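Here's a quick briefing to read alongside the coordinates. Have a look at the overall shape before getting into individual residues.

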Amino acid sequence: MSNVNILIVDDKLEKYEKIHSLVDSSNLSSSLLLKIDYATSLDQFRRNLIIKYDIVILDLCIPAKTNSKAEPELGLSAIDFIYEDDNEFIPEEIFLLTSLDADNETILSYKIRSAKKGVKLWHYSNDFEEWSEYFIGKIKYLENSINIFNKNKCDILIITALNEEYEYFRKFSNYEWSTINNFTDFNILSSDINGKIVYLMTIDEKGMHSAAAFCTHLYHLFSPKYIFFTGLCGAVSNCTFGDVIIADICWDYNSGKFFDDVFIEAPNQCKLNRNLKTQLRKYISKYSHDSNIEGQFLDNDKKPIKIDFEIKFGPIASGGAVISSQTVRDNIKLLQHKDTLALDMESYGVFKAAEIINDSELKIIILKSVSDLSDNTKSESYRAYASYTFTNITEFFISNLN
């Protein structure tokens, strides 16, 4: 369904009725939801601009207030108001109309002044046929633009920070993926899961800043309802290889201030939405892993890894460097949060992006699997196994989402 909002600003009701009749007789697409509002004065027009209008049809001569006399050029002033007020929405198209019975020189003067504002002035009586064709054509153009935008929208966006994690998700996933070729900047896979459009992609770059920037950009491109940011992490405590940690608190463990040679921590924490956390907890009680995968993953000694992992909620601390030091790992837990479960390089940036996006309908879930212990024993041995667990749990949650 495509939505196009139109505002007609005119003190003559008959013009509103004629434009409405023109729209009704134009055989527009049945999938188009057209909303036409009406304002009779500049004052009403200004109040209406809290709504995002795609098209504004504006009379050159309108009253300043309701029931007052129409004044020449107030339509031009209305255009200035749109441009000058940063809080108002700028419409896709402004049609400036006039029925003014004036000499050609006066009309030409108005046309030049409106053209300088990027708006064409149409003479309502003389130009009606040409104007009406252009007006209906503009509605169809907007509908096609919206349809193209909606074509790229998704319900669920799964993001990994690294291409390795992306490839593992693709490998272990049970979904049937197809490639989206519209975007040359990203490798995007798409799948339809019970009527939900799911995209999988990677930002292919470590770090909080990259994660925050990409998540914000992708949100505006695809308008997802859910973002799953998933991948690998290093454990701090109370976790073992393959455990899946859902971040309920995140912060930048490098945040603070140096006083001479002393660093004083000052982390700013972001939190998982409480209702979403409750919802996910209910799902977890239904989970059981597939016993058929036993023996598919090997440890350092080439022995089969027993498929036995937990799903935990807890704090994940993020920083700009890979941690392979027990001392650094333990100090983060000791000095910043005693319940810290894991370390990674992106989670805080993702939560911060959600905070800045400030969309109450958007739900972000950070879901990371333990592949090492954040100390000098760090190796590649458990990365495939941990990738299986974060893929499996992500799909499990998606299957349960309403």
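The radius of gyration of this protein is 29 Å, whereas a compact globule of 402 residues would come in near 21 Å. Bear in mind that this is a predicted model. Along the principal axes, the C-alpha trace spans about 95 × 55 × 35 Å.

**Fold and packing**
- You'll find 11 helices and 19 strands in the protein.
- Of the contacts with a separation of 6 or more, 75% link residues 24 or more positions apart.
- Buried residues account for 52% of the 402 residues.

**Surface and charge**
- The accessible surface adds up to about 20300 Å², and carbon and sulfur atoms contribute 47% of that.
- On the charge side, there are 58 negative and 42 positive side chains.
- The centres of those two charge sets lie 4 Å apart.

**Cysteines**
- Don't go looking for disulfides, as the structure holds zero.
- Why is Cys239 not bonded to Cys233? Cys233 holds the closest cysteine sulfur to that of Cys239, but the two are 7.3 Å apart, which is too far for a bond, because a disulfide needs the sulfur atoms within 2.5 Å.
- Cys239 has 16% relative accessibility, so it counts as buried, the cut-off being under 20%.
- Cys61 is also on the buried side of that cut-off, with a relative accessibility of 14%.

**Positive phi outside glycine**
- Asn67 isn't a glycine, yet its phi is positive, at about 70°.
- Asn67 sits in the loop between strand 4 (62-63) and strand 5 (70-71).
- Is Asn67 buried or exposed? Its relative accessibility is 80%, so it counts as exposed, since the bar for that is over 50%.
- Ser374 is another residue other than glycine with a positive phi, this one near 55°.
- The loop holding Ser374 runs between strand 19 (363-372) and helix 11 (383-400).
- Unlike the exposed Asn67, Ser374 is buried, with a relative accessible area of 2%.

**A look at helix 9**
- Val328 belongs to helix 9, which covers residues 326-335.
- With a relative accessible area of 35%, Val328 is partly exposed, because that value falls between the 20% and 50% cut-offs.
- Val328 and Ser381 are 53 residues apart along the chain, and their C-alpha atoms are separated by 22 Å.

Key:
Residues are numbered from 1 along each chain as its sequence is written. Side-chain values use heavy atoms; hydrogens and water are left out. Helices (H or I, at least four residues) and strands (E, at least two) are DSSP runs, numbered from the N terminus. The radius of gyration is taken over C-alpha atoms; the globule rule is 2.2 Å times the number of residues to the power 0.38. Buried means under 20% relative accessible area, exposed over 50%, partly exposed in between (1.4 Å probe, protein chains only). Contact means heavy atoms within 4.5 Å. Accessible areas come from the Shrake-Rupley method with a 1.4 Å probe; for residues, only the protein chains shown count as cover. Lys and Arg count as positive and Asp and Glu as negative; His and the chain ends are not counted. The place of a charge is taken as NZ of Lys, CZ of Arg, CG of Asp or CD of Glu.
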